[in-house]
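Here are three short exercises to try with the model open beside you. Have a go at each task before reading its solution.

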Amino acid sequence: MPDNSQPITLQSIADASGYARSTVSLALRNHPSIPADTRQKIREVADQLHYRPNPLVAALMSQLRDRNNKHQERLALICRFKNKLPHTNGEGLFYNLLYKALIDNAEKQGLGIDEFYMGTENFTDHRLSSILVSRNIHGVIFFPGLDEKVQEFPELEWEKFATVLIGYNTTRENLHQVASNYTYDIDYALERIRATGVTRIGFAIDEIVNRSTNEAWLSRYLLDQYRRPPEQQIPPFLTPNRMIPPQNLLNWLKQHRPEVILVAGGTIPKLLTSQGVRIPQDVKVVNLIQRHEPGLAGIDPHTDEVGRAAISLLTALLQGNHLGPPDFPQSISVKGQWIPGDSFPE
């Protein structure tokens, strides 16, 4: 019975099998200089000891053995889109920032990325796992967003991979996760608004975007409203998608008279302006995902930092040889920062 308190090394296998350490190393790499029956015996001893090679160390040793080796440890980026990133429709800036940060940080750490698009390829779950194994890929990133055709990430052979999910919107359990801290972001925005003496705050957003926050925005807004006296409470303006009927928005604005509206992106501010509503004279606006929209105050969620954190977490998992479903999944959240703007003069 192996002592699980001690790491299983090549020397441990050499001691248990009776072969030299160099022979064990070659056998586990399936080197043809070692007879097939010897390789099989050594692999059986390694399995009995529950030996698990560190993929990054193995890649490094491979490069040291051959200075001309062009091998580069690679990660898998699995997307539920049919189009290649970053040319994705919808909230393109979010995906582009995230994608670029992933690629850049991986490159800085000497890692390549193979991209898989579930909406384009008819991968079965087993086939995709087999492709990753055949390419010697051990690290997987699940990219957020989806096409209607693909509603879920593949069910991989989890024990063979270290996996990091970006964002939410999956039924897959026990995954390490990196996301923006949407709860902190809206709480901070509400705090900034309340500090100016505003009492009537509205919330106008489409449900698709809200779901991408794991309902954090809506739940925190409703909690804030619950704590206000009835005359200050305003029901949220929710739309099923980004096709917002202008008259519906204007009717809500006229009926509830918010002083400030929390929004996500520039769609609603542009719609209000097109209908003759002056910002900030008639109503102020705070953008919960302020990514360089001119004139809008709000929260920069630092999407690029989410991408960098995902690569850093996955690299740490691989370096620690933490493959398979984690007993204690980690969740890393990135807090946003307030960006001043003309839409909300303080």
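The exercises below work through a predicted model.

**Exercise 1: a helix pair**

Task: Describe how helix α7 and helix α9 pack, and sort the residues of their contact by character.

Solution: Two packed helices are described by the angle between their axes and the distance between those axes. Start with the geometry: α7 (residues 182-194) and α9 (residues 216-226) meet at an angle of about 35 degrees, and their axes lie 8 Å apart. Next comes the handedness, and this crossing is right-handed. Now list who takes part. From α7 the contact uses Y182, T183, I186, D187, L190 and R194, while α9 brings A216, W217, R220, Y221, D224 and Q225. Sorting these residues gives six nonpolar, four charged and two polar.

**Exercise 2: one threonine**

Task: Is T303 buried or exposed, and which residues does T303 touch beyond four places in sequence?

Solution: First place the residue: T303 belongs to helix α12, which covers residues 303-319. The relative accessible area of T303 is 3%. Buried means under 20%, so T303 is buried. Leaving out residues up to four places away in sequence, the contacts of T303 are F94, L97, L98 and R291.

**Exercise 3: a short stretch**

Task: Which residues of helix α2 are buried, and what do they pack against?

Solution: Within α2 (residues 21-28), the buried residues are T23, V24, S25 and A27. Their packing partners are α1 (10-17) and α3 (36-48). To finish, look past the helix: α2 is followed by N30, which has a positive phi near 60 degrees.

Conventions. Residues numbered from 1 in each chain as written. Predicted model: local features only at pLDDT ≥ 70, side-chain atom pairs only at ≥ 80, totals over all residues. Heavy atoms only, no water. Helix = DSSP H or I, 4+ residues; strand = E, 2+ residues; numbered from the N terminus. Buried < 20%, exposed > 50% of the residue type's maximum accessible area, 1.4 Å probe, protein only. Contact = heavy atoms within 4.5 Å. Axes fitted to C-alpha atoms, helices over the stretch in contact; angles between N-to-C directions. Left-handed = near helix turned anticlockwise from the far one by under 90°. Nonpolar A, V, L, I, M, F, W, Y, C, P; charged D, E, K, R; others polar.
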